[in-house]
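Please open the structure in your viewer and keep the selection tool at hand. The tour proceeds one selection at a time.

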Amino acid sequence: MVEEQIRARGVADEKVIAAMEKVPRHRFVPLSQQAAAYTDGPLPIGQGQTISQPYMVARMTELLAIRPTDRVLEVGTGSGYQAAILGELAAEVWTIERLGELADRAALLLKDLGYTNVHVVTGDGTLGLPEHAPYDAIIVTAGAPSVPSALLEQLAVGGRMVIPVHAGFAEDLRLIERLPDRSAGEEQEEAAPAEGETGRASRRPRYRETSILSCAFVPLIGEQGYRG
Ligand code: SAM
């Protein structure tokens, strides 16, 4: 899986590669999917949801450039597989899932595998998890109609978010980086946004958005997502 699906497609971060080699993906898929656990695609995990394609997990994780001291938020726990990968790389991981049955199953498995730094929460992740913010990295593993403002607010200065955002018949995977805040005085002097920055640059918090690739995810359902 790692050589053919991940390295061969250009994921080069050795820490991400090591995490993908270490986490036993077969433990995160239902018994009926065991034979397919290391194949090149998403798989059903029940409740109409999926465990993401291994390449997508690796690529999104690499984009987050996680450091060992980072505090990370994942929206969309699903099977818990992505959370385990994050748990290998970060200091603390909070992962939030709207479906209680999936959250409970993932929490049990992550505990069984010894991930004491991964905390599973049941709830609406479109609102983030303000009690543990700010986060150095945020990953959304469901397709959003637009970027939830709550998640932008909970991203630390210098932090990175990856999120699939609705774009026609698929989603556009975006990397959003929070730049150093701009003071009110600087804003007046520098009314026009710098090249490469979005309209969000006119506010005090500044973000840079980069479109990475086209992808397909199950919908992000919640107050700042799609209506369920
Ligand atoms: N990261 C997961 C894994 O490693 O197995 C795969 C996630 S699956 C593609 C997307 C998940 O997002 C589903 O389990 C779905 O229930 C969840 N989800 C959708 N909307 C959500 C929301 N507002 N808050 C939290 N989870 C949400």
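The stops below cover a ligand, a pair of helices and two loops.

This is a predicted model, in which local features need pLDDT of at least 70, side-chain atom pairs count only at pLDDT 80 or more, and totals for chains, interfaces and linings use all residues. Residues are numbered from 1 along each chain as its sequence is written, and side-chain values use heavy atoms, with hydrogens and water left out.

**The ligand.** Select the ligand and the 28 residues that surround it, each with a heavy atom within 4 Å of it. Among the closest are E74 and I221. A side-chain N or O atom of E74 is 2.9 Å from a ligand nitrogen; such a polar contact is a pair of N or O atoms within 3.5 Å. Next, display the backbone: a polar atom of G76 is 3.0 Å from a nitrogen of the ligand, and an N or O atom of I221 lies 2.6 Å from a ligand nitrogen. The protein covers 99% of the 610 Å² of accessible area that the ligand has on its own (Shrake-Rupley method, 1.4 Å probe).

**The helix pair.** Select α3 (residues 54-64) and α4 (residues 81-89); helices are DSSP runs of H or I with at least four residues, and strands are runs of E with at least two, numbered from the N terminus. Their axes come within 11 Å and cross at roughly 35°, as lines fitted to C-alpha atoms over the stretch in contact, with angles from 0 to 180 degrees between N-to-C directions. V57, T61 and L64 of α3 meet Y81, Q82, I85, L86 and L89 of α4, with heavy atoms within 4.5 Å.

**Two loops.** Select P134, in the loop between β5 (118-122) and β6 (135-140). The peptide bond from A133 to P134 is cis, with omega near 5°. Finally, select Q47, between β1 (43-46) and β2 (49-51), where phi is positive, near 60°.

Methods
A polar contact is a pair of N or O atoms within 3.5 Å; within protein, one must be able to donate a hydrogen and the other to accept it, and residues adjacent in sequence count only if both atoms are side-chain atoms.
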